[in-house]
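Hi everyone, thanks for making time this morning. I'd like to walk you through one structure, starting from a single residue and working outwards. Here it is on the screen.

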Amino acid sequence: MGLLDRGAAFLNRMDKIAAGVTITYIRGAARHTITAVPGNTRFAQSAPEPGGATLIHGERDYLIDVADLPFAEPLETDRIIETIGGIECVFDVARPSTGEPAVRHSDDGKTKWRIHVTQVK
C-alpha cells in the first residue's frame, strides 16, 4: 500500500468517525446496524434556453464502507432507517431523479458505496 492509499484510508476512517451516523440497513427480514456517512449529491440541470436559469438540486445519499455491508452489493429493494432529530426516517434505495444508478462505488479503490435514497417515511 502506497502513501496515497494510506492517506485515503486514513481520511475515510476520519470521515466515518467525524460525520458517521448509525443506520439500520434492511434487506428482506435481515436488519444490520452499521455506521454510514450521510451525504447530499448535487445535480445540475441546464436551462433549456441560453441564458436561462440552471436548476441545482440535491438528493440524500449514504456512504457505506464495502466491508461494513453484509451483502455483495446494495439493491434497489433495500431500505435504510436513520433517526434524525429524534424522528425515525425511512429511506428506500432508489435511482436519483437524474436517472443515475441507485448505487455506485464512490472511490477508485472500490472501498465505499454511494447509495442514493428516497425518503418514504
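Let's start with Ile 23. If we skip its neighbours within four places in sequence, Ile 23 is in contact with His 32, Thr 33, Ile 34, Ala 36, Tyr 62, Ile 64, Ile 80, Ile 81 and Glu 82. Please keep in mind that this is a predicted model.

Some of those names come back when we look at the core. The largest nonpolar core has 17 residues, and Ile 23 is among those with the most contacts inside it, together with Tyr 25, Tyr 62, Ile 64, Leu 69, Ile 80 and Ile 115. Which strands supply at least two residues each of this core? They are β1 (21-27), β2 (30-45), β3 (55-65), β5 (87-93) and β7 (112-119).

Let me step back for the overall picture. The protein has one helix and seven strands, and the helix comes before the strands as you read from the N terminus. Of the 121 residues, 31% are buried. The protein exposes about 7500 Å², and carbon and sulfur atoms supply 55% of that area. For those of you who like contact maps: take the contacts between residues at least 6 apart in sequence, and 52% of them join residues at least 24 apart.

Now to β7, a strand I'd like to spend a moment on. Six of the eight residues in β7 are buried, so the strand is mostly covered, with buried meaning under 20% relative accessible area. β7 pairs with β5 in the antiparallel sense, over three bridges, and there Asp 92 has Thr 118 of β7 as its bridge partner. β7 also pairs with β6 (103-105), again antiparallel and over three bridges. In this pairing Arg 104 stands opposite Arg 114 of β7.

That brings us to the turn. β6 and β7 form a hairpin with six residues between them, and Lys 110 lies in that loop. What is the phi of Lys 110? It is positive, about 55 degrees, although Lys 110 is not a glycine. As a reminder, most residues other than glycine have a negative phi.

And is Lys 110 buried or exposed? Its relative accessibility is 54%, and because the cut-off for exposed is over 50%, Lys 110 counts as exposed.

So we began at Ile 23, in the core, and finished at Lys 110, in the loop between β6 and β7. Thanks for listening, and I'm happy to go back to the picture.

How values were computed. Residues are numbered from 1 along each chain as its sequence is written. This is a predicted model: local features need pLDDT of at least 70, side-chain atom pairs count only at pLDDT 80 or more; totals for chains, interfaces and linings use all residues. Side-chain values use heavy atoms; hydrogens and water are left out. A nonpolar core is a set of buried Ala, Val, Leu, Ile, Met, Phe, Trp, Tyr and Cys residues joined through side-chain atoms within 4.5 Å. Buried means under 20% relative accessible area, exposed over 50%, partly exposed in between (1.4 Å probe, protein chains only). Helices (H or I, at least four residues) and strands (E, at least two) are DSSP runs, numbered from the N terminus. Contact means heavy atoms within 4.5 Å. Two strands pair if DSSP finds at least two bridges between them. Accessible areas come from the Shrake-Rupley method with a 1.4 Å probe; for residues, only the protein chains shown count as cover.
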